[in-house]
Structures are given as C-alpha cells and as structure tokens.
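The following exercises concern helix packing, strand pairing and charged pairs. Please work through each task before reading its solution.

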Amino acid sequence: MPGLSRVEDASDQPGSSDRRLPKGLATLSAATAALLGSTALASAEIVGPALSEVLGTIRAHEWAAFGLNVGVVVFGVVTAIGLLRARAKAAMDAQSARSEINELRLALDRLTELLTLDPHVIVVWGGDRDEPDITGDVTLVTDLPSPRRVLAFGAWLPPEPAAELERAVDALRQSGTPFTLDLVSQGGQPIEAEGRPIAGRAVLRLRHVGGARAELVRLRAEHDALVRETAAVRSFLGSLALPVWLRDADGRLTWVNTAYAAATDAADGEQAVASGAELLAASDRNEAAIARSARTPFARRVAAVAAGQRRIFDVVERPAGLGSAGMAVDVTELETIRSELSVEMETHKRTLDQLATAVAIFDAGKRLVFNNEAFRQLWDLEPAFLHQAPTDGDILDRLRERRLLPEQSNFREWMRTLHQIYEAVDTEPRILEWPLPDGRFLRVVQNPDPAGGVTYVFEDLTQRLQLETQVQALGRVQRETIDNLDEAVAVFGPDGRLSLSNRAFAALWEIKDTMLEGRPAIDQVAALCLSYVRDARVWMDIRGAVTAVADERQPRSVRIERNDGSVIDTRTAPLPGGATLVTFRNVTDMVMVERALTERNEALESAAKLRNDFVHHVSYQLRTPLTTIIGFAQVLDDPAIGPLNDKQREYLGYIGASSASLLSIIDDVLDLATIDAGVMQLELSEVDIRTAIQAAVDAVRDRIAENQIRLETRIARDIGTFQADAQRIRQVLFNLLTNAIGFSDRGGLVVLDAAREGEEIVFKVRDQGRGIAPDMVGRMFERFETRTSGTRHRGAGLGLSIVQSFVHLHRGRIEVESAPGAGTQVKVALPAHLEDLSKAAE
C-alpha cells in the first residue's frame with residue numbers, strides 16, 4: 001500500500017535454514033566433540049588386551065574422572081538438543097507474527113480506502129488527554145478551519161436537532177449509550193451522526209450521506225417538521241374558544257377541541273369522539289354531508305344547543321384530504337347586537353322624526369338615505385319626491401326653483417363649493433349661515449361621515465334672533481328699572497370689576513359717573529367707600545365675597561354703620577358666570593325700632609327671670625314643711641303609735657291626699673323652673689316601653705277605680721325598647737293618663753296606644769270626654785291653663801306643659817286632635833334612636 005512500509009520476511013532469503021547458535025553453546029559443543037574423539041582413540045589403541053586386564057589396571061581416581069567426563073558429555077548433548085528445539089519454535093513464532101502483521105496492515109489499508117470514500121468527521125473522547133481528538137474533513141459541517149467548531153452543534157444545526165445531538169453525546173460520554181441520528185444541517189446537508197463506545201472511548205462519527213439515504217433523511221426531517229406543525233396547529237385549535245372538529249371519509253368524528261367537547265357536554269375531546277357527540281342538528285349534518293360528498297365547502301348560519309343554551313353559529317366545513325374539517329363561530333351576541341342596533345337605529349329615526357331640527361343624511365353617492373319630518377316641513381317637499389332618494393344637487397335645484405335658498409350670483413359655483421365636503425379628508429363639521437329670501441335665517445351644519453356621506457342639520461334661528469332682540473330690549477327695561485330703585489345695587493363680574501350699578505349706588509357712596517364708566521375693581525370701590533364707614537372690615541368682607549373662589553361663593557349679609565349715623569344692610573349673592581350681586585338697603589329707621597323692641601324684650605326677660613327665681617325659691621321653701629307634714633301623717637297612720645277612730649283616720653286621709661297633691665304641684669313647678677333655667681338634663685338609657693306603660697298604668701289605678709274608668713292599653717308586639725329618660729317617659733304617660741281620666745265621664749273609656757312607626761315611637765291617649773273647643777286647643781299646653789267647667793278634673797294646669805317640655809327635650813313632637821262632644825286624642829311621637837347625650841332645655 002502506498003505510504004505504508006512492509007515487514008520483510010526472513011524465510012524468503014537464501015541460507016535461512018542455517019541456525020546460528022550463541023557463543024557459549026558453540027564452545028560447549030566443541031568441547032563435547034573433542035572429548036568424544038579422545039575417548040574413541042583410546043578405545044582403538046586398547047583393542048588388544050583383555051577387558052579384564054584393562055579394568056584391573058584402572059585406578060579409583062581414574063574411574064571418578066571417567067564418570068565425570070561421561071556426565072558432562074551427556075549434559076551437553078541434552079542441552080544442545082533443547083536449544084535446537086527452542087530456536088526452531090522461536091523461528092516459527094516470528095514467522096507467524098510477521099504474517100499477522102502483514103495481514104493487519106492489508107486490512108488497515110482496505111479500511112482506510114473505505115473511510116475515504118465519503119466525507120466524514122470523527123471525534124474521540126477518552127485517553128490521557130482532556131480534549132477530544134477530531135479528525136476528518138471539518139468542512140463537512142462548518143466553513144471555519146477550526147475543528148472545535150464541529151462540537152458547536154448549534155452553529156451548524158437547527159435548535160431542536162442540535163439539542164437532541166447534545167443530549168445523545170452527553171449520554172454516550174457518561175453511560176456509553178450508543179445512538180444513530182439522521183440530521184439535516186442549516187445548509188441543507190443530510191448528515192448521519194453515529195456514536196459508539198470503543199475500547200473505553202466515546203467515538204462520534206459525522207458522515208455525509210447521499211442517494212436514497214439522503215432522500216430518506218430529508219423525508220424524515222420533513223415528516224418531523226410536519227408532525228411538529230400538525231401538533232402546533234392541533235394545540236392552537238384545541239385552545240380556541242370556537243368549536244373545531246375533524247371527520248374521516250365516512251363523516252365520523254376523529255378529533256374535536258375542548259370548546260367542542262364543552263358545547264356538547266362531553267368531559268373531553270376523546271369522550272366526545274368516542275360517543276359521537278354532534279353539535280349540529282341532523283338536518284344541518286345531512287346538508288354538510290351532501291356538500292362533503294360533492295367536495296364543496298359547507299357554510300351556513302345555524303341554530304344549535306351548546307352547553308344547554310340555544311346559540312347561533314356560523315358553521316364552515318371544508319373538504320380536507322379524505323375527510324373534512326369544520327369550525328363553528330358563535331355569533332349569538334353579534335345577532336343580538338345586530339338586532340339591538342336595528343332597534344336602536346329605528347328608535348333614532350323615530351327620535352329624529354320628533355325633533356324640531358331638520359336633519360337629512362346623504363350617502364357617499366350624494367343620495368338621500370334619511371330625512372326627518374322637520375326637514376320635509378322646513379322645505380315643504382313632497383314625500384313622493386323624497387322617497388325616490390334624490391341627490392343633494394336635485395334637492396338644491398328644486399329649492400332654488402322655489403326661491404328658498406340664499407341668493408347667489410353664481411349658483412353652480414356655490415353648489416360646487418358646498419359639495420366639496422363630500423371629498424374632504426378631515427371630518428370636522430362645517431357651519432354655514434343662510435339668510436333666506438322669505439325672511440328666515442338658518443344655521444346649516446355639514447357633518448361629514450368617514451364613509452363618504454354627509455349629514456345636514458338645519459336649525460331655524462329666526463325665533464332665536466327675535467328672542468335676542470327682545471332680550472336686548474328687556475335688558476334696557478331692566479336697566480331703567482334698576483336705576484329707579486331706591487335700593488343701591490352693584491354687580492361685579494368674575495374679574496372683580498364693577499359691571500353694573502344704579503344711580504342709588506352712586507348717590508349712596510358719592511361715586512362719580514366717570515369713575516363708574518371705567519369699570520373700577522372692587523379694591524378701588526372699597527377705597528372710595530372706606531371714609532364713610534366706622535369699621536373698615538365690613539368692606540373687606542364684601543371684597544372677600546366678590547373675589548371668593550367657586551367653592552366658597554355663598555350669600556353673605558353685612559351691616560354697615562356709617563359715620564353719619566345711618567345703618568346700611570348689605571347682602572351679597574353669587575350670580576351665574578362668576579358674577580356677584582351686592583345690594584345696599586338703608587335700614588336706619590328699622591334699626592331704631594328694633595333697638596327699642598330689644599330693650600323692651602330684655603326688660604320682660606328680666607321680669608320673667610325674677611318670677612322664675614321667686615317660684616323656684618318659694619317651691620323649695622314649701623317643699624320642706626310639706627315633707628314634714630306628709631311624714632308625720634304617715635306616722636300617725638301607723639297602728640303602732642296608737643289607735644285612731646274612723647273620723648280621725650278620715651281626716652288623716654284628707655291630709656295625706658292634699659299633701660300629696662300639693663307635693664305633685666310643687667314637683668311640677670320645680671321641673672318647669674329647672675327646664676326654664678336650662679339645667680334640666682336627660683339620663684338616657686334603653687327603656688322597655690311595656691314596662692314604662694305598666695308603671696304609668698299602676699300609678700293611676702286608684703284614680704281609675706275612684707272614677708270607674710275603663711283603661712285599655714294596645715301595645716304593638718314589636719314595640720321593643722328605645723333610648724330615652726325612663727323617669728321622664730313614665731311622667732309623660734302618667735300626666736297624659738291623669739289628664740284623660742280627669743276629663744272623662746264616670747264609666748268612660750280611656751285608650752293608650754303604643755306602636756313603632758318608622759324611626760319613631762308613637763304614644764296615643766284617647767278619651768271619650770266632652771272634647772275641647774278649637775279656640776282652646778292651642779292654649780292646652782300653657783302653664784296654669786286649666787279647664788274645669790263641666791268636669792271633675794282639678795289641678796294647677798301644669799301637667800300638659802310639663803309633658804310638652806319633656807317631649808321637646810327628647811326631640812319629639814306632640815299633637816292634639818279634639819272636637820266638642822267627640823273626645824280628645826293626644827299623640828306623642830319620640831325618636832327611636834336618640835343620641836346618647838345629656839341635653840339641657842333651652
């Protein structure tokens with residue numbers, strides 16, 4: 001083989017059969033031959049004597065020497081024979097080794113020739129070196145001359161095959177797992193990657209393949225790409241919210257997505273396919289099957305039941321391979337919106353028909369597509385003409401014939417300018433003003449539609465202009481009216497400058513007309529007026545009202561005392577637009593009268609205070625001896641003190657009753673004095689209404705029995721509790737019942753009602769007495785006011801006054817309904833949730 005040296009075979013040379021012995025063995029052989037020769041000669045010389053003689057003449061030491069020589073000769077012969085045999089075997093082994101080496105070299109030459117037939121790269125890991133050995137044609141996979149680029153798989157392979165080869169190589173190096181991969185490089189070259197463990201080393205071979213194998217690799221790569229693409233498409237279709245399905249040639253379902261399974265109430269797609277769950281109705285499936293057999297697409301809007309609800313779908317099913325693929329788009333909401341839009345559009349049309357503003361809509365072809373009734377009436381156009389969808393130009397021509405358009409010197413040019421809105425790029429509306437020959441004045445708005453149409457809005461401003469004229473006239477009248485007012489008026493604008501004033505204002509503060517015409521600011525006006533007032537802060541308050549921000553604009557009232565002794569009441573009021581109205585009214589005479597009345601009222605209050613102090617003092621002075629009288633009366637009534645006769649016990653009862661009545665009057669007077677003094681406080685707690693009513697009823701039982709009165713209580717079941725002063729509530733109920741019993745005839749009926757009405761607790765006490773005259777109803781709650789004519793009721797006239805005071809302290813109200821001969825009803829309404837505070841009477 002070229003490049004390989006052959007091993008020379010020694011057996012082919014002449015004389016190769018001669019054996020060359022080592023030097024020691026040759027010497028030993030020569031000695032042995034000489035010894036044998038000398039022995040033979042000695043034997044030849046002693047042929048004649050007899051053997052016995054000869055043996056008899058040999059001495060012992062000669063026999064020893066003879067034996068030694070014979071042994072040496074025998075040893076030499078045996079050794080020479082062994083050496084000859086060993087040399088012959090070594091020669092044969094050498095000849096066999098040379099033959100095997102030649103055969104191995106021949107096999108290596110054959111393998112080298114086979115390896116060089118296809119381009120390849122071999123990478124070997126293992127041995128004493130850490131770096132792999134890379135041999136072969138590296139241009140097979142990379143354009144760079146560096147062999148290390150071969151191991152950068154991602155540089156010459158797509159990402160997925162590169163990652164797969166990387167994993168296979170790692171498994172080969174770590175666990176010796178062999179592999180074979182068919183790869184396609186980024187340049188489109190088919191490459192076979194084979195990994196094998198050989199002699200404890202990991203060997204990777206990259207080989208370019210061609211022919212049928214290359215085609216197989218290419219087809220396999222395309223197949224893998226198609227599989228990945230199909231998986232991606234199925235994954236995408238499976239995640240769609242739209243039902244998607246595939247059918248085979250016989251129309252049976254082969255695959256459905258999650259949305260299809262959910263629509264058919266199946267657990268998943270596999271169950272839907274296994275059970276043959278159909279989304280479409282039988283009639284729709286039959287039509288789809290007819291289209292499928294004809295290899296034509298099936299597209300229709302159908303109604304189907306999906307997830308237990310009736311829905312509307314746009315179904316598309318197209319032939320695909322031997323089967324078909326379908327998809328259903330849920331358009332239920334779209335149909336609903338379309339219906340709602342149609343209704344809304346119809347509503348808008350009806351609404352526009354009700355408008356007084358004329359509206360006309362033209363499409364991109366300048367044809368009328370809608371007009372309301374106001375448009376027809378504005379131009380007095382026939383409905384038949386409008387129903388023909390005339391163009392914008394046709395309508396303008398007809399209006400021009402009737403002289404209903406503004407006069408134009410060049411009508412065609414004016415109409416062309418008007419129609420430029422149809423070709424406008426922007427969508428900003430255009431506003432025109434049309435003075436018509438018949439005296440009307442129109443405001444015309446052209447609003448372009450992005451689709452190319454135009455909406456016309458015609459607003460008749462004739463009445464508006466007339467109203468503006470009337471408003472201007474009214475303003476002049478208002479100006480004259482303000483100027484003739486005795487009250488001074490000034491209006492400051494949002495900028496703080498005087499915008500309107502009357503003659504009374506100028507006269508009050510002696511401001512010249514030239515100054516007013518210059519619209520002075522509030523600071524200038526205040527500076528002019530400060531010299532006329534005693535307290536300069538009042539004008540600062542007026543200035544603050546005029547310059548206040550929007551959140552602080554509130555009406556204010558200020559009293560000004562001038563240096564000349566006059567008194568001016570000033571009031572500021574915010575006006576729309578940030579303006580402020582300031583009025584000045586001379587109230588000097590009223591103030592004088594008010595001061596006189598105030599002084600008189602103060603004198604009356606002093607007298608009332610003196611009277612209350614006297615009553616309070618006398619009441620306390622009376623309470624002490626009265627308590628003593630009651631105490632001794634109770635002691636005398638005790639049997640332990642001593643026996644009393646009937647007359648004494650009767651007199652003692654009179655003393656007790658009169659003392660208790662007097663003590664009740666004194667307590668009432670003290671309560672009223674405490675209320676008037678403003679020191680009465682409520683002790684609030686949760687009051688059980690039934691318990692309070694029962695306590696009041698128990699307190700009047702002796703009076704009920706004495707007067708033979710029937711008492712009924714009617715209490716709502718859910719009356720519950722409320723927050724109040726329990727003692728005062730019982731006192732209110734006791735006084736009301738006492739008053740009703742006192743004004744009832746013997747054997748009469750008194751009814752006490754209690755109920756919860758909304759956020760109030762309502763008590764009603766009704767009697768069947770003689771009733772109260774209308775002129776007396778308003779005086780029932782006045783102090784010391786009592787009505788005893790025709791009744792058995794006697795008292796100081798303080799009970800109802802105390803009731804009214806306690807009700808007001810509880811922030812309640814009291815009402816009386818009565819008529820002569822029809823009895824009386826007193827209604828007390830108290831809040832169910834009173835703040836937990838102690839309130840003094842005012």
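A salt bridge is a side-chain nitrogen of Lys or Arg within 4 Å of a carboxyl oxygen of Asp or Glu. The model is predicted: local features need pLDDT of at least 70, side-chain atom pairs count only at pLDDT 80 or more, and totals for chains, interfaces and linings use all residues. Residues are numbered from 1 along each chain as its sequence is written, and side-chain values use heavy atoms, with hydrogens and water left out.

**Exercise 1.** State how many salt bridges the rule gives, and examine the pair of R247 and E278.

Solution. Step one: the rule yields 33 salt bridges. Step two: in the pair of R247 with E278, the closest N and O atoms are 2.9 Å apart. Step three: R247 belongs to strand β6 (residues 244-247) and E278 to the loop between α8 (269-275) and α9 (282-293), so this pair ties together parts 31 residues apart in sequence. Helices (H or I, at least four residues) and strands (E, at least two) are DSSP runs, numbered from the N terminus.

**Exercise 2.** Classify the packing of helix α18 against helix α19.

Solution. Step one: the axes of α18 (residues 522-529) and α19 (residues 537-547) come within 10 Å and cross at roughly 165°. Axes are lines fitted to C-alpha atoms, for helices over the stretch in contact, and angles run from 0 to 180 degrees between N-to-C directions. Step two: α18 is therefore roughly antiparallel to α19, a class that covers angles over 145 degrees. Step three: the contact (heavy atoms within 4.5 Å) involves I522, D523, V525, A526 and C529 of α18, together with W539, R543, V546 and T547 of α19.

**Exercise 3.** Describe the sheet that contains β22 and β24, and the helices that pack on it.

Solution. Step one: five strands form an open sheet in the order β22-β24-β25-β27-β26, with mixed pairing; two strands pair if DSSP finds at least two bridges between them. Step two: β22 (710-715) and β26 (813-818) are the edge strands, each pairing on one side only. The twist averages 15° from one strand to the next. Step three: β22 pairs with β24 (residues 749-757) in the parallel sense over six bridges, and L711 stands opposite V750 in β24. Step four: helix α22 (residues 689-699) lies across β22, β24 and β25 (760-767), running at about 175° to β22. Helix α26 (residues 799-809) also packs on the sheet, where α26 touches β26 and β27 (824-831) and its direction makes about 140° with that of β26.

Note on methods
Parallel < 35°, antiparallel > 145°, perpendicular 65-115°, else oblique.
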